[in-house]
Amino acid sequence: MKKNYLGIIVPAIVVVAALAVLIWPGKLIKKSIDAYSASKQESTSASESLSERSEPDLKEEKATESAKPSTVAPKPSAINSPPKTTPGVIPMPVTTPKKTWESQASPKPTPVPTPVQTPAPTPAPTPAPTPAPTPAPTPVPTPAPTPIPTPEPTPVSTPENAPAPEATPEEIPNANPDSVDPPAPVINEESPIVSPEETHEPEAVPSAAPETPANTEEPEPSAPNSPAPPPNLEVSGSIKIPYSKFKIGLYYYDKESEIRNPTLEYANLANVKGRGSGFNFGYYDAGRNFVNLGSTPYEAITMSVDKNVTTDYSFIGCFHIKLGSTYESFQQAQNESAKYPDGFPAYYSGKFYVLVGNYKSRAEATEAIKTRGISGEAYSASDRCIVVSGTKDGKILFEFDCGDKLNLAIEPILEGQKPLTWFKYFSYYGGFEYSRRSGDKITVVNVVDLEDYICGVLPYEMSNSWPAEALKAQAVCARTYAANHFNAYLNYGFDVSNDVYSQVYRGTNLASPYSDAQVDETRGIYITSDGKLISSMYHSSSGGGTENSENVMISEVPYLRGKTDPYEHKSDNINRFSEWEKSFSDEDFRAVLKRAGTELGKIASITPTYSDSGNVIALLITDVNNKTATFEKNKCYNFSCGYLRLNSVRYEVNISEDGTIKFSGRGWGHSIGMSQFGAYAMAKYFDFTYDQIISFYYDGVNLARGTNE
């Protein structure tokens with residue numbers, strides 16, 4: 001009997017246990033599925049919420065652009081970062097930047113002011129392009145240094161099959177005769193030079209209210225031997241500024257480059273939601289005034305070359321049927337073109353026409369004339385023609401061809417407030433100009449009020465959470481640099497580029513009410529010397545002393561004098577380049593020397609010559625056979641920051657017993673003009689005003705009010 005019970009009970013227990021094993025994980029799976037569904041719902045909801053404020057879903061904009069100024073250096077810590085980009089005044093060209101900083105997230109037109117703690121390096125400030133919920137304050141990037149472009153002569157020993165230097169001054173000349181920009185630094189493709197300011201990293205989402213970096217240090221008490229405060233500068237007198245509108249080359253380079261944006265076969269534009277309702281077509285006259293020809297209610301349009309082009313959503317053929325009549329106005333041509341489902345107005349050399357259809361070849365267009373019974377001719381415009389079409393439906397809206405006399409201009413339409421436009425995931429004020437300079441691809445130029453341009457430069461050249469007086473000093477320097485470069489790239493159709501060859505500019509993405517306020521408080525103020533605008537060069541960090549211009553570039557400029565900086569060290573706690581080291585084996589160092597055109601044996605000694613302010617202005621290199629190589633002044637800068645890729649010319653050098661050559665230095669950049677970290681320290685710890693900061697870094701200068709009169 002006992003056995004019988006056991007025979008029933010034991011199997012029952014086994015069955016129950018098996019059921020439990022099956023049911024329990026099933027509940028877990030259900031719970032996981034429920035959790036996944038909930039998170040999916042939240043994700044979808046968040047995604048929909050984001051899409052309401054993000055750029056339209058345009059393929060071209062989604063493709064993240066690669067390379068531009070980027071970084072080959074390890075990612076810096078957020079708090080110890082160097083200033084962002086450098087005024088293009090003296091950018092050092094980079095040859096292998098990454099492409100991470102133009103994120104795919106669609107940025108908000110106007111990020112909320114963000115209190116970030118301390119600047120982080122990278123030419124772009126860290127307040128993210130698309131401010132979203134603002135996470136806890138993140139240390140924001142600090143202004144990037146602006147190492148002077150290392151001169152770019154092709155190294156003597158470059159192999160014949162090595163790529164040519166990426167960009168030389170001859171390729172893109174600066175047409176401004178008053179500019180004192182130094183020559184671009186040497187770029188050797190085998191050992192790419194990456195200047196600190198060109199270190200672009202993903203931007204952090206900005207916080208909510210500007211605040212200075214956390215720092216427990218108190219300002220140093222004033223001591224008997226403390227330097228006298230720099231003098232204040234009053235704004236007095238006026239200086240003539242030729243235009244109120246400024247032209248910035250966004251996509252303009254005809255060759256491959258890791259820094260410069262290339263010309264395009266087509267370019268999309270889209271109104272920012274709520275900040276635009278269609279576009280006007282026209283051109284800019286000699287005074288940079290917009291001349292309106294016509295308009296479209298389309299809120300997403302594409303400008304393409306008049307070739308057979310496949311855009312994101314459609315194909316645009318370059319042959320059309322041109323009707324025989326001309327028209328007095330865009331509206332008349334528009335009314336006539338409306339009689340055809342694929343008709344559109346065109347403006348050719350001062351006259352309006354009507355065209356119909358778009359075909360791949362003249363033969364196709366000729367055949368269409370017969371089959372459609374249209375009286376007209378098969379026609380394709382010149383190699384300067386630009387076609388405007390709807391981005392998603394491909395409908396041609398307008399054609400513009402005035403040869404090389406006038407360029408197509410597009411401005412957003414909005415009544416009552418300042419419109420914003422998306423282009424390549426960045427939002428911009430102002431209008432856009434399109435040209436085919438060589439008859440090939442399109443150059444894209446942003447045409448914007450000068451003050452709006454400065455609002456777009458400031459948070460990329462200095463962290464937008466830094467002290468107000470430092471930001472004001474930067475704004476005045478950036479404005480002066482811009483006004484000193486009107487028509488600097490005349491052959492390219494703009495004043496400055498948007499990269500480190502000029503001043504980094506990305507529209508409104510990182511601008512905030514706080515940073516905009518500093519621009520507004522210095523509106524129209526420029527730095528002058530002897531009644532002329534100065535070349536207001538600036539850099540990230542001098543490491544303790546700025547330098548005379550002739551020791552870094554060729555020109556001796558009276559207001560760019562080197563001096564010991566007693567203030568910058570107070571910002572060392574947020575400056576990751578306050579100290580740095582770089583070492584070379586004897587073999588590697590001699591390989592660099594060879595690329596610079598000099599061959600030596602095993603290195604016996606390296607003897608620096610220092611300027612009065614403590615920077616290296618000459619190097620005497622001797623090998624064990626007493627053969628020597630000498631680099632002086634700008635050649636010393638070029639060798640140090642170009643070939644050796646050191647962060648600055650403020651360093652000491654030691655050779656160890658095993659032949660290792662170690663450079664120990666401070667600072668980041670070319671050390672000419674204003675130090676951005678110095679400006680930070682002067683504003684935060686010494687309570688100096690922006691005009692005192694300017695008077696300290698630029699000798700014998702004045703402030704003047706700009707006028708277009």
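**H10 and H11**

I started with helix H10 (residues 676-684) and helix H11 (residues 690-697) in this predicted model. I get a packing angle of about 135° for the pair, with the axes 10 Å apart. H10 and H11 are therefore oblique to each other. I also looked up the handedness, and H10 passes H11 in a right-handed crossing.

Next I wanted the residues in between. From H10, the contact takes in Gly678, Ala679, Met682 and Ala683, and from H11 it takes in Gln692, Ile693, Phe696 and Tyr697. Sorted by type, the residues of this contact come out as 6 nonpolar, 2 polar and no charged.

**The loop between H10 and H11**

I then checked Asp687, which lies in the loop between H10 and H11. Its phi is near 60°, a positive value in a residue other than glycine. I noted to myself that most residues other than glycine have a negative phi. Is Asp687 buried or exposed? Asp687 is exposed, because its relative accessible area is 63% and the cut-off is over 50%.

**Another positive phi: Arg288**

I found a positive phi at Arg288 too, about 65°, and Arg288 is not a glycine either. This one sits in the loop between strand S4 (279-284) and strand S5 (290-296). Arg288 has 5% relative accessibility, so I put it down as buried.

**Glu568, back towards H10**

I moved on to Glu568, in the loop between strand S23 (538-539) and strand S24 (580-584). At 1% relative accessibility, Glu568 counts as buried. What does Glu568 touch, leaving aside neighbours within four places in sequence? I listed Ser541, Ser542, Gly543, Gly544, Asn575, Ser675, Phe677, Gly678 and Ala681. Gly678 caught my eye, as I had already written it down for the contact of H10 with H11. I also checked the C-alpha separation from Glu568 to Phe677: it is 5.9 Å, and the two residues are 109 apart along the chain.

**Glu550, in the loop between S23 and S24**

Glu550 is found in the loop between S23 and S24 as well. Its relative accessibility is 14%, so Glu550 counts as buried, the cut-off being under 20%. Not counting residues up to four places away in sequence, I have Glu550 touching Ser555, Glu556, Val557, Arg561, Lys633 and Asn634.

**H5 on its own**

I ran a length check on helix H5 (residues 450-461). How far should its 12 residues span at 1.5 Å a residue? The expected span is 16 Å, and the end C-alpha atoms are 16 Å apart, so the two agree. I looked at burial next, and 12 of the 12 residues of H5 are buried. Among them are the charged residues Glu451, Asp452 and Glu461.

**H5 and H6**

Last, I took H5 with helix H6 (residues 468-483), which pack at an angle of about 125° with their axes 9 Å apart. H5 and H6 are therefore oblique to each other. The crossing of H5 past H6 is right-handed.

On the H5 side I noted Leu450, Glu451, Tyr453, Ile454, Val457, Leu458 and Glu461, which meet Leu471, Gln474, Ala475, Ala478, Arg479 and Ala482 in H6. My tally for this contact is 9 nonpolar, 1 polar and 3 charged. The charged ones are Glu451, Glu461 and Arg479.

Technical notes:
Residues are numbered from 1 along each chain as its sequence is written. This is a predicted model: local features need pLDDT of at least 70, side-chain atom pairs count only at pLDDT 80 or more; totals for chains, interfaces and linings use all residues. Side-chain values use heavy atoms; hydrogens and water are left out. Axes are lines fitted to C-alpha atoms, for helices over the stretch in contact, and angles run from 0 to 180 degrees between N-to-C directions. Helices (H or I, at least four residues) and strands (E, at least two) are DSSP runs, numbered from the N terminus. Angles under 35 degrees count as roughly parallel, over 145 as roughly antiparallel, 65 to 115 as roughly perpendicular and the rest as oblique. A crossing is left-handed if the near helix is turned anticlockwise from the far one by less than a right angle, and right-handed if clockwise. Contact means heavy atoms within 4.5 Å. The expected span of a helix is 1.5 Å times one less than its number of residues. Buried means under 20% relative accessible area, exposed over 50%, partly exposed in between (1.4 Å probe, protein chains only).
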